[in-house]
Amino acid sequence: MAKITLDNLAHAYYPNPKSEDDFALKELNHDWADGEAYALLGSSGCGKSTLLNIISGLLHPSQGRILFDDHDVTHATTADRNIAQVFQFPVVYDTMTVRDNLAFPLKNRGADPSYIKQRVQQIGQMIGMEAMLDKRARGLTADAKQKISLGRGMVREDVNALLFDEPLTVIDPHMKWELRTQLKSLHHEFGHTMIYVTHDQTEALTFADKVVVMYDGRVVQIGTPQELFERPEHTFVGYFIGSPGMNVIPAEVSGNLANVHGASLTLPRGYASLTGKVEIGVRPEFVMLTAGEGLPVTVRRVEDVGRHKIVRAALFGNDINVVAGEGQEISPDMTRISFDPAHVNVYVDDWLTQGEAA
Ligand code: ADP
Ligand code: MG
């Protein structure tokens, strides 16, 4: 297991990149702590696989260095980096049995046969394929083959890191949950450094200690699920995470007052004069629908999702969502909203601005 350092790292797929836009991965400096479970989260095309393949050595970065435990591995092969990687689609040896597929990485490294036997049995059980160990991989479903790929990724205990690139895409929903739980327990048991790529926030938030959120080739925030929820550092994190995501509302901010279409609200912090695109961000959980004071809204519909209600409304023509308690009655005279001031964040050009305590 190793700490992984990304030093001044960036990647462009084409030669002579000129502007930032030419980089699929924009400059990045970061340490992945030894033994932590990370999720790399972002929409399709934002650079997740590019970053993962650079860490594993499948891709050579156009700029910067990669270090494992402070040792430069930028020019080392995947094998030398001692990493296991599992891809989105199965990579199995069709003519071999499930058992031999699983044993392959161990045999390759000259492990002891009795250990191999026992370890393959254990992994076979983890992926729910104990009964199929002596079947050939050929003819198995895509789902089963992907489980073999996962098993092969997990079979070695002595890897520096385990990398997963959307490994559960072809797995059926029920088994997804099961396998994710297995991966988590594997992490608890062996304490590998794990990086798990996904575009699914639920997967990221349930799997990881820390979530690395990527947007447009850039890491925009690294944090615990709670940090991402409470203080999104970029508006993208606000609306990508949460269901529904954070409300982002254009505003003018001066001192500790925010002005939204002529209505003003008091902020818990003060801000020096802000220039650029200024917005306030409030999660639907911290918006209250009332019959009393507040900004005027038009309620469009109320969705009862069991644990709570989601109120879809319009604020000066823009969508705004409110999360109301399960038992809360929504009456027609509720045409105002107010915000829990402690949970109003201020953004300038999409980045969180700290402000000063009032
Ligand atoms: P993700 O895994 O988050 O979906 P990728 O890392 O695969 O994103 O892609 C990031 C960007 O780099 C995308 O714009 C994609 O089109 C581009 N890209 C990926 N692979 C290549 C390649 N081999 N050649 C050129 N461009 C690529
Ligand atoms: Mg990808």
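Buried area is the accessible area, evaluated with a 1.4 Å probe, that two parts lose on being put together, summed over both. In the predicted model described here, domain 1 and domain 2 bury about 1100 Å² between them by this criterion, with 54% of that area on carbon and sulfur atoms. On the side of domain 1, the residues that lose the most area to domain 2 are Phe229, Arg231 and Thr235, which together account for 49% of what that side buries.

The two parts in question are set by the domain assignment of the protein chain, which places domain 1 at residues 4-240 and domain 2 at residues 247-357. Their centres, taken over C-alpha atoms, are separated by 38 Å, and the contact between them involves 13 residues of domain 1 and 11 residues of domain 2. The count of salt bridges between domain 1 and domain 2 is 0, whereas 8 residue pairs, with both members at pLDDT 80 or more, are in polar contact across the interface. Strand S10 (218-223), helix H8 (225-230) and helix H9 (235-240) are the elements that give two or more residues to the side of domain 1 that touches domain 2, and H9 supplies the largest share, 4 residues. By residue class, this side of domain 1 divides into 6 nonpolar, 3 polar and 4 charged residues.

Two backbone features were identified in loops. Serine 243 and proline 244 are joined by a cis peptide bond, for which omega is about -5 degrees, and proline 244 is placed in the loop between H9 and strand S11 (247-250). Glutamate 166, although not a glycine, has a positive phi of about 45 degrees; this residue lies in the loop that runs between strand S7 (161-165) and helix H6 (173-190).

The surroundings of ligand 1 comprise Tyr13, Tyr14 and Ala24, together with Ser43, Ser44, Gly45, Cys46, Gly47, Lys48, Ser49 and Thr50. Among these residues, glycine 45 presents a polar backbone atom at 2.6 Å from an oxygen atom of ligand 1, and for glycine 47 the corresponding distance, again from a polar backbone atom to an oxygen atom of the ligand, is 3.1 Å. Threonine 50 approaches ligand 1 through its side chain, a polar atom of which lies 2.5 Å from an oxygen atom of the ligand.

Note on methods
Residues numbered from 1 in each chain as written. Chains lettered and ligands numbered in written order. Predicted model: local features only at pLDDT ≥ 70, side-chain atom pairs only at ≥ 80, totals over all residues. Heavy atoms only, no water. Domains from an automatic or database assignment. Contact = heavy atoms within 4.5 Å. Salt bridge = Lys/Arg side-chain N within 4 Å of Asp/Glu carboxyl O. Polar contact = N/O pair within 3.5 Å; in protein donor to acceptor, adjacent residues only side chain to side chain. Nonpolar A, V, L, I, M, F, W, Y, C, P; charged D, E, K, R; others polar. Near = heavy atom within 4 Å.
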